[in-house]
Every structure is written in C-alpha cells, then in structure tokens.
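Subject: Handover of a structure and notes on its contents

Dear colleague,

Please find below the structure that I am handing over to you. My notes on it follow directly after the entry.

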Amino acid sequence: MKIKLLILFILGLTRWVYPQTFEKEIHGVTYVFNQENKEVENKANTLMDTKLKVNINECPYFLNSTRSQMYAVYRKVFSKATRVKELIGGAIGIFSIFDSSGNVLEVKFHSFNLFDKITLEEIYQLEKCLKEEPVSIKVSCPDIKYYRGTAALNFERLYKYYDND
C-alpha cells in the first residue's frame with residue numbers, strides 16, 4: 001500500500017515539476033505546446049476549441065484540394081529534401097477551421113513522434129502557408145459559417161515529391 005502511494009506521489013510530482021503545456025513566441029506569434037496531447041496551436045485561436053456543429057449528414061461538404069496541391073504547400077516550408085529525409089517515419093496531423101469560401105482561419109498541429117523534431121520556425125511557416133492557400137470546397141449549406149478540415153503531412157510521401165537530390 002505504501003509503495004502504491006509513493007508511486008502515485010512521484011507521478012503527481014513529475015506532472016507538477018514538468019508542465020504539460022508551455023508557450024513559445026516567434027515573429028510576434030505565440031504558440032501553445034501541449035506535451036501530453038502532442039499538439040501545437042496558435043494562442044490566438046478562438047474557434048478551434050468551440051463546439052462547431054457541422055454534421056456531415058445535415059450539411060454535406062467536401063474538399064476538392066488534391067494531395068499534390070497540399071504537398072506543394074508543404075514543400076514551401078520543407079523545401080530541402082535533406083530536411084524531409086530526416087523526418088521520414090513521422091507525420092503531422094493538421095486540423096483546420098475554414099470558412100465557406102475555403103479561407104483557412106485557424107490551424108492546430110498534432111504529432112506523436114515528431115513533437116521535439118519540428119522547429120518553431122517550421123510550425124510558424126507551415127501555419128502561414130496553409131492560411132495563404134484557400135482550400136477548394138464544395139458546400140451545400142451556405143448558412144453554415146465555419147467548417148472543420150483535417151489533413152496529414154506524411155514525410156515519407158512528401159519525400160517522393162523531390163528529385164531525391
């Protein structure tokens with residue numbers, strides 16, 4: 001019994017000593033890193049955590065953006081094949097909020113195995129590039145203001161888009 005209490009105490013202490021979230025700033029933008037969930041997002045995000053109720057059955061919508069279009073955006077940030085090669089074996093989940101015109105308003109990144117390998121500059125540039133490129137969306141409910149989207153940045157697949165220099 002005492003051993004179990006000691007283990008619980010130590011686990012609680014490590015959680016207190018090592019914060020699960022922390023913030024970093026770059027180019028005037030603050031990002032919140034959640035170590036427990038392996039997520040990174042812009043601190044200014046306000047829509048991401050709200051309960052956006054877009055039921056695909058009530059309002060069918062789909063994205064027309066192709067994989068090659070998305071990987072062209074990713075290549076703007078990860079422009080060197082050698083850097084992409086370092087990240088092979090990993091992927092980043094990209095969650096976004098966009099409006100009915102396809103303008104990306106907010107982005108959140110999720111990665112189990114690359115959390116410590118992606119630089120803050122890469123996160124900043126990736127968010128910036130995604131927001132600069134509207135997604136192509138087919139919407140059947142013009143009264144819905146915001147939509148959710150997900151994508152994956154798989155570095156092994158991205159590497160195939162290079163000339164393998």
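The notes below cover the overall fold, the aromatic pairs, the charges over rings, one helix packing and two long-range approaches.

Please keep in mind that this is a predicted model. The chain comprises five helices and eight strands. Read from the N terminus, these elements follow the order α-β-β-β-β-α-α-β-β-α-β-β-α. Of the 165 residues in the chain, 37% are buried. Among contacts with a separation of 6 or more, 72% join residues that are 24 or more positions apart.

I turn next to the aromatic rings. A pair of aromatic rings is described by the distance of the centres and the angle of the planes. The count of aromatic pairs in this model is six. One of them is formed by Phe22 and Phe33, whose ring centres are 5.0 Å apart with 5 degrees between the planes. This pair is classed as stacked, because planes under 30 degrees apart count as such. Phe22 belongs to strand β1 (residues 21-26) and Phe33 to strand β2 (residues 29-34), so the pair links parts of the chain that are distant, with the two positions 11 residues apart in numbering. Phe22 has a relative accessible area of 27% and is therefore partly exposed. Phe33, by contrast, has a relative accessibility of 5% and so counts as buried.

A further pair, Tyr71 with Tyr74, is edge-to-face, with 5.2 Å from centre to centre and 80 degrees between the planes. These two residues are separated by about one helical turn, because they lie three residues apart in helix α2 (residues 67-77). Tyr71 and Tyr74 are both buried. Ring pairs also bring in Tyr161, which forms a cluster with Tyr71 and Tyr74.

Two of the rings have a charge over them. Lys24 is placed over the face of Phe33, 5.5 Å from the ring centre. In the other case, the charged end of Arg75 sits over the ring of Tyr162, at 4.2 Å from its centre.

Helix α2 also takes part in a helix packing. Its partner is helix α4 (residues 120-132); the two axes are 9 Å apart and the packing angle is about 140 degrees. At that angle α2 and α4 are oblique to each other, because only angles over 145 degrees count as roughly antiparallel. The crossing of α2 past α4 is right-handed. On the α2 side, the contact is made by Met70, Val73, Tyr74, Lys76 and Val77. On the α4 side, Glu122, Gln125, Leu126, Cys129 and Leu130 make the contact.

Finally, two residues approach positions far along the sequence. Phe98 is located in strand β5 (residues 91-99) and is buried, with a relative accessible area of 1%. The C-alpha atoms of Phe98 and Val135 are 8.3 Å apart in space, while the residues are 37 apart in sequence. Asn45 is found in the loop between β3 (39-42) and β4 (61-63). Its relative accessibility is 16%, so Asn45 counts as buried under the 20% cut-off. Asn45 and Glu106 are 61 residues apart in sequence, yet their C-alpha atoms are 6.1 Å apart. Leaving aside residues up to four places away in sequence, Asn45 touches Glu106, Val107 and Glu127.

With kind regards

Conventions:
Residues are numbered from 1 along each chain as its sequence is written. This is a predicted model: local features need pLDDT of at least 70, side-chain atom pairs count only at pLDDT 80 or more; totals for chains, interfaces and linings use all residues. Side-chain values use heavy atoms; hydrogens and water are left out. Rings of Phe, Tyr and Trp (its six-membered ring) pair if their centres lie within 6.5 Å; planes under 30 degrees apart count as stacked, over 60 as edge-to-face and the rest as tilted. Helices (H or I, at least four residues) and strands (E, at least two) are DSSP runs, numbered from the N terminus. Buried means under 20% relative accessible area, exposed over 50%, partly exposed in between (1.4 Å probe, protein chains only). A charge sits over a ring if NZ of Lys or CZ of Arg is within 6 Å of the ring centre and within 35 degrees of the ring normal. Axes are lines fitted to C-alpha atoms, for helices over the stretch in contact, and angles run from 0 to 180 degrees between N-to-C directions. Angles under 35 degrees count as roughly parallel, over 145 as roughly antiparallel, 65 to 115 as roughly perpendicular and the rest as oblique. A crossing is left-handed if the near helix is turned anticlockwise from the far one by less than a right angle, and right-handed if clockwise. Contact means heavy atoms within 4.5 Å.
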